[in-house]
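Colleague: I have a fresh model open and would like to know what stands behind the labels people put on it. Could you take me through the reasoning?

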Amino acid sequence: MRERRVGIIMNGVTGRMGLNQHLIRSILAIRRQGGVALGDGTALMPDPILVGRNEDKLKAIATAHGLQRWSTDLAHCLYNPEDTIYFDSGSTGIREHNVLQAISAGKHVYCEKPLSTTMKSALGLARSANKAGVKHGVVQDKLFLPGIRKLKRLIDSGFFGRILSVRGEFGYWVFEGDWQSAQRPSWNYKRENDGGIILDMFCHWRYVLDHTFGKVHALSCTGATHIPMRVDEAGKPYECTADDAAYGMFELDGGIFAQINSSWVTRVYRDELFNLQVDGTEGSAVVGLRDCKVQHRVNTPRPTWNPDLPNPFQFREQWAIVPDNAEFDNAFKVQWEMFLRYVACDTPFPHNFVDGARGVQLAELAHMSWQERRWVEVPNISEVTL
């Protein structure tokens with residue numbers, strides 16, 4: 001198979017997500033498999049150059065993975081015509097600036113979410129990219145997880161009948177940093193550093209709801225900063241100014257009602273860190289990151305409320321496992337392959353900057369709902385909006 005090189009400027013690979021999910025499990029995995037087959041006897045072979053601010057970290061990562069190219073000079077990298085794609089998984093607060101540079105240099109752009117810190121700036125990036133004629137995309141990894149893909153298979157098959165409601169639980173306990181080190185960086189808990197679980201997670205919930213069930217029309221959200229003080233990476237106490245939990249309700253197309261709790265201050269009593277229950281007239285499903293269990297109408301038990309007697313049902317045992325029936329690749333890698341084909345062959349790719357702006361919009365409106373203690377309508381954002 002003939003190889004067709006595609007140069008990728010990868011900014012932010014010294015961070016956990018950029019290194020593990022995007023470099024190692026996506027780009028390097030694609031290289032190991034021989035590239036992305038295009039169906040015409042050629043394969044796209046990604047050739048990354050690692051970019052960041054810490055020279056020692058970049059050099060160590062490149063050496064560990066047999067890569068020859070790395071740099072601390074982003075501007076210089078952007079003006080190399082041999083590298084046609086810019087990827088950003090760096091800090092959210094400087095993403096707009098870096099992406100605008102990449103667009104000005106004529107690069108196709110692929111970004112981690114959130115695309116920006118405000119809907120206005122996110123839409124501005126979409127306009128700039130469209131005006132420059134470059135292709136653009138935002139990471140929406142949860143759509144490509146095995147559990148969500150099985151759920152989508154069930155929806156498309158008509159398993160649920162009419163979907164009535166969706167109920168989600170996400171999160172885990174993040175240690176405060178005093179007697180045990182925190183699993184998340186301290187900036188996550190500082191609003192001034194673009195932290196907070198609403199901005200972080202509502203971008204995910206927007207694309208999961210929109211692309212799996214139906215468009216979001218309205219929401220109500222209450223956020224909280226349950227733990228007011230934490231200890232940072234240097235052992236110094238600091239005040240938490242960002243939300244560490246959010247309790248959201250959403251109205252979707254078709255009268256579907258969704259509830260999703262997001263929390264970094266909850267102890268897990270469920271099969272996975274994220275669970276979604278979907279109830280319909282004909283059946284229900286419980287979905288995690290990888291697994292999916294179902295109960296059809298004909299298999300639904302008939303419980304009766306009677307607190308004076310022991311419960312006669314083993315409810316969890318009455319659900320059936322949805323088989324894989326396919327091999328599910330890493331969710332980030334799957335979307336990377338989609339974006340590379342989009343750039344090379346113009347294949348459909350719906351997860352562009354406009355879709356990314358919708359996620360930022362939902363986070364903004366969630367903050368508004370929390371502050372004003374009311375339901376908020378979600379205005380439609382479409383390509384026509386630009």
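Colleague: Which residues does Leu67 contact, leaving aside its neighbours within four places in sequence?

Modeller: Those contacts are Leu23, Leu28, Pro48, Leu50 and Ala62. Keep in mind that this is a predicted model. Leu67 itself sits in the loop between α2 (55–64) and β4 (70–71).

Colleague: Why is Leu67 called buried?

Modeller: The relative accessible area of Leu67 is 9%, and the label applies under 20%. The value falls under that limit, so Leu67 counts as buried. As for distance along the chain, Asp83 is 16 residues away from Leu67 in sequence, with 15 Å between their C-alpha atoms.

Colleague: Asp83 brings us to strand β5 (residues 83–88). What makes β5 largely enclosed by the rest of the structure?

Modeller: Of the 6 residues in β5, 5 are buried, so the strand is largely enclosed.

Colleague: How do you know that β5 pairs with strand β1 (residues 2–11)?

Modeller: Two strands pair if there are at least two bridges between them. β1 and β5 share 5 bridges, in the parallel sense, so the requirement is met. Within that pairing, Ile8 stands opposite Ile85 in β5. Strand β6 (residues 108–111) also pairs with β5 in the parallel sense, over 4 bridges. There, Asp88 has Cys111 of β6 as its bridge partner.

Colleague: Why is Cys111 not counted in a disulfide?

Modeller: A disulfide needs two cysteine sulfur atoms within 2.5 Å. For Cys111 the nearest cysteine sulfur belongs to Cys203 and is 12 Å away, so Cys111 is in no disulfide. The structure as a whole holds 0 disulfides.

Colleague: Cys111 and Cys345: which is buried and which is partly exposed?

Modeller: Cys111 has a relative accessible area of 0%, so it is buried. Cys345 has 37%, and partly exposed covers what lies between 20% and 50%, so Cys345 takes that label.

Colleague: On to the sheet with 9 strands. In what order do the strands run?

Modeller: The order is β17-β16-β15-β14-β8-β13-β12-β9-β18, in an open sheet with mixed pairing.

Colleague: What makes β17 (320–321) and β18 (376–377) edge strands?

Modeller: Each has a single partner strand, so one side of each is left without a neighbour in the sheet. For β17, strand β16 (residues 292–296) pairs with it in the antiparallel sense over 2 bridges. At least two bridges are required, so the pairing counts. One of the bridge partners is Ala320 in β17, matched with Val294. Helix α9 (residues 353–372) packs on the sheet, touching β9 (216–224), β12 (245–252) and β18, and its direction makes about 60° with that of β9.

Colleague: Why is Ile163 called buried?

Modeller: Its relative accessible area is 12%, and the limit is under 20%, so the label holds for Ile163. Ile163 is found in strand β8. Apart from neighbours within four places in sequence, Ile163 is in contact with Ile155, Phe213, Ile256, Val278, Asp279 and Gly280. Ser284 is 121 residues away from Ile163 along the chain, with a C-alpha separation of 8.8 Å.

Colleague: What about a lysine: is Lys150 buried or exposed?

Modeller: Lys150 is at 2% relative accessible area, so it is buried. Its place is in helix α6 (residues 146–157). Not counting residues up to four places away in sequence, Lys150 touches Arg290, Asp291, Cys292, Val322, Pro323, Asp324 and Phe328.

Colleague: Which elements give two or more residues to the lining of the largest cavity?

Modeller: Those are α7 (197–212) and α9. The largest cavity has a volume of about 60 Å³, and the count comes to 1 cavity of 30 Å³ or more. Its lining includes Cys203, Arg206 and Tyr207, along with Asp355, Gly356 and Gly359.

Colleague: And what volume does the second largest pocket have?

Modeller: About 550 Å³. It is lined by 19 residues, and the closest to its centre are Asp271, Asn275, Gln277, Val286 and Arg316. β8 (163–171), β14 (274–280) and β16 each give two or more residues to this lining.

Conventions. Residues numbered from 1 in each chain as written. Predicted model: local features only at pLDDT ≥ 70, side-chain atom pairs only at ≥ 80, totals over all residues. Heavy atoms only, no water. Buried < 20%, exposed > 50% of the residue type's maximum accessible area, 1.4 Å probe, protein only. Contact = heavy atoms within 4.5 Å. Axes fitted to C-alpha atoms, helices over the stretch in contact; angles between N-to-C directions. 1 Å grid on protein atoms, 1.4 Å probe; cavity = no way out; pocket = protein on both sides within 12 Å on 5 of 7 lines; lining within 4 Å. Points joined across faces, edges and corners; volume = space filled by probe spheres on them.
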